[in-house]
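Student: Could you take me through the largest pocket in this model, close up? I'd like to know what lines it and where it sits.

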Amino acid sequence: MVNRKESLDLLKKLISIKSNYFHEKEIMEYCYDWFRNNDMNISYHHYIDDKVTNFNGINIIGEIKGTEEGPVLLINGHLDTVEECTGWSKNPYVPEEKDGKLYGLGALDMKSGCVAAMMALREFKRNVKNFKGKIIYSFVSDEEGPYGLGTNFLLNDGLMAESDIALVTEPSSGFLHMKTPVICLGARGGYGYSIKIYGKSSHAATPENGINAVDEAGKLLVELSKTVPVYDEKLGYSSHCVIEVKGGGAACSVPDNAEIKVFRHIVRGESKATIIKEIDEAAKKCELKGEYEIVFREAPLENADGFMPYVVDENLLEIDLLKDSIKKVTSKEAEIKYFSSIGDFNSIASKLNIPVIIYGASGDNFHGSDEAVDIESFYETIEVIYDFLVKYLAV
């Protein structure tokens, strides 16, 4: 159905365009032109974060309207990548085919998913003249950055508000390190925060006259490590990861300040309030001296300082249809899984209160050196998305 060479050539072109987060202008313009050249509706969405990052960002967004009333399906993907890491054995911006894989930065996460969506949408528009509802498609910037600015500004500006359900073409199989088709029906959430500890300086020869903030930070870290993770039957256990510890004083003085930075993954039933509670309880148990302050990162938009967990009902019609499409295209049964970390899918699910399905290709080393997508899985993703659209919307 879909021209495989054309699809792979498009993916190679997108990989060759460097688009680490905050530097997406060139790839947005290329994809905008691609949609225009294929006679598909597309618009730029410009946004400015003048509160935290001072970043002027670009998304592209379009829609295909049906001939009858019906569901509004949102298809979302991000065109940015992480920064190039060390350890690559290949040029990350020169796509290379080897042993059934295509190597390059963003090949898996998630330029393959974006191209799969683009090609499937084009074929749907060409071949299906009568369908119910509407498809909104958005390809965003800064998903890999600290705030998911692209999707959050689209949500803030109401451009996704009509959506009844969403399909995010992130590499679900690649996320789970699986070769078989995977549908992710939820993800843990998370918050980044700091604990600032204020002690009292004194001469290092008489430490008893001061309050050593670094010592107190160590005590608090030990107590926090004893926190019992919360278990969710779908999402697994919550977790916390200490990102950084810093503090100090003069050369021969008791340090009067320290700071602990943490990223805390949460499951259903947890929130910013429960995080604060566990820190307060840990500080009490370790008899923390001095004062402390809990600081969550400043957000560019309201309710954009963290990510809430979510789970999709496995019994939805859309899940059954997607499973059928996967079986038809791949001759394999899809596995239902849940992702352990965060992404734009959390923001869409929590802010629109809609089901968000994650489905995409398999591959290796997302966020790492020698990132690669399985080429056959990439082709299958295109076919599955197209077949799903036809099953779900065609009349």
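Tutor: Sure. One bit of vocabulary before we start: the helices and strands I'll name are DSSP runs, numbered from the N terminus, with at least four residues for a helix and at least two for a strand. Keep in mind, too, that this is a predicted model.

Now to the pocket itself. The largest pocket holds about 650 Å³ of space. Its lining is made up of 30 residues, and the ones closest to the centre are G145, F263, F307, S341 and I342. If you want to find the spot on screen, try putting those five up as sticks.

Who builds the walls? Four elements each put at least two residues into the lining: the strands β9 (189-198), β13 (257-266) and β14 (291-296), plus the helix α9 (344-352). Of the elements, β13 gives the largest share, with four residues. F263, one of the residues closest to the centre, falls within the 257-266 stretch of β13.

As for chemistry, the lining is a mix: 14 of its residues are nonpolar, nine are polar and seven are charged.

And where does the pocket sit? Domain 1 (4-188 + 309-394) and domain 2 (189-296) both contribute to the lining, so the largest pocket lies between the two domains.

For contrast, have a look at the second largest pocket, which has a volume of about 210 Å³. There, 14 residues do the lining, with T227, V228, K277, E278 and E281 closest to the centre. Helix α7 (residues 272-285) supplies the largest share of that lining, seven residues. The second pocket's lining divides into eight charged, four nonpolar and two polar residues.

Those two are open pockets, but there's an enclosed space as well: the structure has one cavity of 30 Å³ or more, and about 30 Å³ of space lies in it. V2, R4, S7, Y379, I382 and E383 line that cavity. The elements that give two or more of those residues are α1 (4-16) and α10 (375-393), and α10 has the largest share with three. By class, that makes three nonpolar, one polar and two charged residues around the cavity.

So, back to your question: the pocket you asked about is lined by residues from both domains and lies between them, and β13 gives the largest share of its lining.

Notes: Residues numbered from 1 in each chain as written. Predicted model: local features only at pLDDT ≥ 70, side-chain atom pairs only at ≥ 80, totals over all residues. Heavy atoms only, no water. 1 Å grid on protein atoms, 1.4 Å probe; cavity = no way out; pocket = protein on both sides within 12 Å on 5 of 7 lines; lining within 4 Å. Points joined across faces, edges and corners; volume = space filled by probe spheres on them. Nonpolar A, V, L, I, M, F, W, Y, C, P; charged D, E, K, R; others polar. Domains from an automatic or database assignment.
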